[in-house]
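Subject: A structure for you to explore

Hi there,

Here is the structure I promised to pass on to you. Have a look at it first, and then read on for what turned up.

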Amino acid sequence: MSNLPAPISQDGPDQHDTQVASVGLPQTAPRSNGKPNSLNVPLYMQRNGNKVLVRRPKRKDDGALKGLARWFVANQIGQSPYFVSRSLDLKLTSTGLSCNLVALLFLAHSMPRAREYTSKFFTLSYYNQNTGKYFLGGDDWYLIAFFIVVLTGLRAGIMEYVLAPFARAKGVHKKKDIVRFSEQGWLLVYYSFFWPLGVYIYRTSTYYLSLHDLWKEWPNREMDGLMKAYTLAQLSFYLQLLIVINIEERRKDHWQMFSHHIVTSTLIYAAYREGHTRVGNLILVLMDVVDIFLPFAKCLKYLGYKTICDVMFAVFMVTWFIARHIFFPMTIYSVWAHTLIYMNGCFYGRELDGPHPPPANDTWLYIARPLWDTDAPVCFNHNFRNGFFGMLFFLQILTVMWFYLIIRVAIKVIKGGSAEDTRSDDEADDLEDPDEYVYEEAQPLEEEVGADEIDLKSWERRVARGKRSTTATGVSLPGHSDRKELLGRIGCEKQVD
């Protein structure tokens, strides 16, 4: 449709408010400084100038799951249900899904009878007083679920109330850029906390700078509280990323990122359940360091600091190459060359009785059973090594593909361009917001009628029955039975006289 009105401005709803659309009726929305006040009304009631917003057309990929995704995005921290995910500057309509869930959980925790169950959401389970360490089990999922909810709320809250206002204050006006800056800023905040934490755990460990020590003393299924909390929080983060990339606008590298998060989540969970938290800690340290410099470079780009952005992008490239194409392949090599030296056979029970030979009639299931059965035997052999090696090698292939794209960006910078990472652009960045809605011209309905066509008898009958009369303009005329006075009120007195 041509001559569509401009979309809602990037400065928020106050810059482009909506009002109730009326046809043939006076405006009922009060104005302030020549601007109509914002009203919480459905889409079909919103109006922009003399254009009436009729409906939001259904896209070709819309469906029940897409609608649920829009609702979830809009209510992560309580954003308006009439708009979704394209903008962060939306008026709040509730305290938010994440905040409500956390508040409800704390309310239930205040009841003494419920604390036996609710405490599992806040504390580490399976503490062993004899060793001072923590075991693992099914109750860990309570804490994982709590971490997912908290991370979702933190992400939406920091993006909405900290990063988006900061971007606007620094002169970023395009909605897409504000969203991108906020997303990258959140990743910078997260990894700036968890990467130093992972480095601290690695630096103070017995396997620091030793690939052989990664596999000694296996299976070490008990761990200290910091290692357990760190591992479960990282697992929760990658599970939350699986939710985020499927409910928000899909990017060009959606399936690569989806595969990456699936493999990473599987590796973290398997390392936790199978007693390989040492190598899990090392791999997370090598992966997370890159995710500090890349979001930082992107944030600088959106803020307009192109020179510093290019320098930071160069630092990111060097860090990527060293961490993911030197140290990470060394770790993969250690999986192939060193694991069977220190690990072989099966260990039974929490006391880890073993090693014993693997079950003769169970080729693969005994390897996966510890993922859901805490009391199942924990085994390591050629089959486990090959599967472990295969998943790590798959991650390396993904990083090589991404590094190829990074080199292309670097070549562009050398030729005089800017460092722009196109891997995560939208699939349809060229679409503007007005295309998502259907507008129609609002035409007043006017018709001249004579006084003879006014049914005064009907009005008098209603007055006689003691009922109130309401005109088309919403003016109530109770108790007036004089015909001439009534006609004078509606401008028909000349015709009567």
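Let's start in the loop between α3 (115-118) and β5 (127-128), where you will find Tyr 126. Please keep in mind that this is a predicted model. Tyr 126 is not a glycine, yet its phi is positive, at about 65°. Most residues other than glycine have a negative phi, and most peptide bonds are trans. Is Tyr 126 buried or exposed? In fact Tyr 126 counts as partly exposed, because its relative accessibility is 25%, and the cut-off for buried is under 20%.

Glu 217 also has a positive phi, of about 60°, without being a glycine. You can find Glu 217 in the loop between α5 and α6. With a relative accessible area of 63%, Glu 217 is exposed.

While you are in that part of the chain, look at the peptide bond from Trp 218 to Pro 219: it is cis, with omega near -5°. Pro 219 lies in the loop between α5 (175-203) and α6 (225-247). Another cis peptide bond runs from Gly 354 to Pro 355, with omega near 5°. Pro 355 belongs to strand β8, which covers residues 353-356.

Now for the charged pairs. Side chains of opposite charge can pair when their charged atoms come close. How many salt bridges are there? The count comes to five, and here are some that I think you will enjoy finding.

One of them joins the side chains of Asp 139 and Lys 120, at 3.7 Å from N to O. This pair links distant parts of the chain, 19 residues apart: Asp 139 sits in the loop between β6 (133-134) and α4 (140-169), and Lys 120 in the loop between α3 and β5. Asp 139 counts as partly exposed, at 23% relative accessibility, and Lys 120 is partly exposed too, at 22%.

Next, try Asp 140 and Lys 228, which form a salt bridge whose closest N and O atoms are 3.0 Å apart. Because Asp 140 lies in helix α4 and Lys 228 in helix α6, the pair ties together parts that are 88 residues apart in sequence. Asp 140 is buried, at 3% relative accessibility, and Lys 228 is buried with a relative accessible area of 0%.

There is also a salt bridge between the side chains of Arg 324 and Asp 291, at 3.6 Å from N to O. Arg 324 lies in helix α10 (residues 306-337) and Asp 291 in helix α9 (residues 290-303), so this pair ties together parts that are 33 residues apart in sequence. Arg 324 counts as buried, at 4% relative accessibility, and so does Asp 291, at 17%.

Stay in helix α10 for a moment, since Thr 331 lies there as well. Thr 331 is buried, with a relative accessibility of 2%. Which residues does Thr 331 touch, leaving out those up to four places away in sequence? They are Val 279, Leu 282, Ile 283 and Leu 286.

Leu 282 turns up again where two helices meet. The axes of α5 and helix α8 (residues 277-288) come within 9 Å and cross at roughly 140°. The two helices are therefore oblique to each other, as angles have to be over 145 degrees to count as roughly antiparallel. The crossing of α5 and α8 is left-handed. On the α5 side, the residues that meet α8 are Tyr 191, Trp 195, Gly 198, Val 199, Ile 201 and Tyr 202. On the α8 side, their partners are Asn 281, Leu 282, Val 285 and Asp 288.

Finally, a word on what the record says. The unreviewed UniProt entry carries the annotation "transmembrane region" for residues 141-164, 185-209, 229-247, 303-323 and 387-407. How does the model look over some of these? Over residues 303-323, the chain is 90% helix and 0% strand, with the end C-alpha atoms 27 Å apart. Over residues 387-407, the chain is 100% helix and 0% strand, and the end C-alpha atoms are 30 Å apart.

Happy exploring, and do write back with your questions!

Best wishes

Key:
Residues are numbered from 1 along each chain as its sequence is written. This is a predicted model: local features need pLDDT of at least 70, side-chain atom pairs count only at pLDDT 80 or more; totals for chains, interfaces and linings use all residues. Side-chain values use heavy atoms; hydrogens and water are left out. Helices (H or I, at least four residues) and strands (E, at least two) are DSSP runs, numbered from the N terminus. Buried means under 20% relative accessible area, exposed over 50%, partly exposed in between (1.4 Å probe, protein chains only). A salt bridge is a side-chain nitrogen of Lys or Arg within 4 Å of a carboxyl oxygen of Asp or Glu. UniProt positions are given in the numbering used here, feature names are shortened, and annotations may be inferred rather than shown by experiment. Contact means heavy atoms within 4.5 Å. Axes are lines fitted to C-alpha atoms, for helices over the stretch in contact, and angles run from 0 to 180 degrees between N-to-C directions. Angles under 35 degrees count as roughly parallel, over 145 as roughly antiparallel, 65 to 115 as roughly perpendicular and the rest as oblique. A crossing is left-handed if the near helix is turned anticlockwise from the far one by less than a right angle, and right-handed if clockwise.
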